[in-house]
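Please read the numbered points below with the model open beside you, and look for each named residue as you come to it. The points are meant to be taken in order.

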Amino acid sequence: MHLNPYGADAVLLAVNLATRPAHTPEELAERCEESGVESRLVRERQVTAADLAAVRTALDEWLQVVDAADEQTRVDLVNAMLAKYTEHPRLTNHAGDGWHMHYRPDDVPVGRLVATLISTGTALHLAGRGITRLGRCATEGCDNVYADLSRTGRQRYCTPACANRDAVRRHRARSADA
């Protein structure tokens, strides 16, 4: 069975790229490699400045999804990304390693590939885990994003370190009031 790269890994790639933006095509290639999401396809292609620009545009659109004020706006923004970056789903065995779904043609530039992964992965993440499962860190002064993959769906922080910092801050505030 071939596991599909759309979903949690693609959303985590978006979080990674939004939190630590790639500044060069080489950095974008490295991030895609680190994530494992379609890394073979990235290795086979030359990542260009145009790819980097396309990913930045997709991430700007994705951050609007993260920051959406309500569910309907979030859904509308994800649907706009899907309309822009994906095509009808189809089965493919392009690499000879098993049949799986694709939401794009096989031969697209890396920028379009990453944008398709992010938009489709986000849609699957929100539909499967819950429409509120993206957000900004609740720690004051931290603007990082997170994708809530927790069992309970109550994640509010980008990292355990931010959660701990905020807990210490709240504890000290309570101690000072007492």
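1. The UniProt record, an unreviewed entry, carries the annotation "domain: Zinc finger CGNR" for residues 133-174. The model discussed here is a predicted one, and in it the chain over residues 133-174 is 36% helix and 14% strand, with the end C-alpha atoms 29 Å apart.

2. Within the annotated range, one residue to look at is Asp166, which is found in helix H7 (residues 160-177). Is Asp166 buried or exposed? Asp166 counts as buried, because its relative accessibility is 2% and the cut-off for buried is under 20%. The side chain of Asp166 is joined to that of Arg170 by a polar contact of 2.8 Å, and, when neighbours within four places in sequence are left aside, Asp166 is in contact with Ala138, Thr139 and Tyr157.

3. Gly153 makes a useful contrast in accessibility, since this glycine lies in the loop between S4 and H7 and is partly exposed, with a relative accessible area of 28%. Not counting residues up to four places away in sequence, Gly153 touches Arg133 and Asp148. The C-alpha atom of Gly153 is separated by 24 Å from that of Val37, and these two residues are 116 apart along the chain.

4. Turning to the protein as a whole, there are seven helices and four strands, and from the N terminus on the elements run α-α-α-α-α-β-β-α-β-β-α. The C-alpha atoms fill a box of roughly 65 × 35 × 30 Å, taken along the principal axes. Of the 178 residues, 41% are buried, and among contacts between residues at least 6 apart in sequence, 53% join residues at least 24 apart.

5. In soluble globular proteins, nonpolar side chains tend to be buried together. The largest nonpolar core in this model has 36 residues, and those with the most contacts inside it are Leu17, Leu28, Val42, Trp62, Val114, Ile118 and Leu134. Two or more residues of this core come from each of helix H1 (8-19), helix H2 (25-35), helix H3 (39-44), helix H4 (49-66), helix H5 (71-85), helix H6 (110-129) and strand S4 (145-147). Which element gives the most to this core? That element is H6, with eight residues.

6. Ile118 shows how such a core residue is surrounded, for it touches Ala10, Ala14, Leu59, Trp62 and Met81, not counting residues up to four places away in sequence. Apart from the largest core lies another core, of five residues, and among them are Cys137, Cys142, Cys158 and Cys162.

7. Two helix pairs deserve a careful look, and one of them is H1 with H2, whose axes come within 10 Å and cross at roughly 145 degrees. H1 passes H2 in a right-handed crossing, and the contact is made by Leu13, Asn16 and Leu17 of H1 together with Leu28, Arg31, Glu34 and Ser35 of H2.

8. The other pair is H5 with H6, which pack at an angle of about 145 degrees with their axes 9 Å apart, in a crossing that is left-handed. On the H5 side the contact is made by Arg74, Val78, Met81, Leu82, Lys84 and Tyr85, while the residues of H6 that take part include Arg112, Ala115, Thr116, Ile118 and Ser119.

9. Thr86 has its place in the loop between H5 and strand S1 (90-92), and it counts as buried because its relative accessibility is 17%, where the cut-off is under 20%. The side chain of Thr86 reaches the backbone oxygen of Leu82 at 2.5 Å. Leaving aside neighbours within four places in sequence, Thr86 is in contact with Met81, Tyr103, Arg112, Thr116, Ser119 and Thr120.

10. A last residue to check is Arg104, whose place is in the loop between strand S2 (100-102) and H6. Arg104 counts as buried at 1% relative accessibility, and a polar contact of 3.3 Å joins its side chain to that of His102. Although Arg104 and Glu87 are 17 residues apart along the chain, their C-alpha atoms are separated by 5.2 Å.

Note on methods. Residues numbered from 1 in each chain as written. Predicted model: local features only at pLDDT ≥ 70, side-chain atom pairs only at ≥ 80, totals over all residues. Heavy atoms only, no water. Core = buried A, V, L, I, M, F, W, Y, C linked by side-chain atoms within 4.5 Å. Buried < 20%, exposed > 50% of the residue type's maximum accessible area, 1.4 Å probe, protein only. Contact = heavy atoms within 4.5 Å. UniProt positions renumbered as here; feature names shortened; annotations may be inferred. Polar contact = N/O pair within 3.5 Å; in protein donor to acceptor, adjacent residues only side chain to side chain. Axes fitted to C-alpha atoms, helices over the stretch in contact; angles between N-to-C directions. Left-handed = near helix turned anticlockwise from the far one by under 90°.
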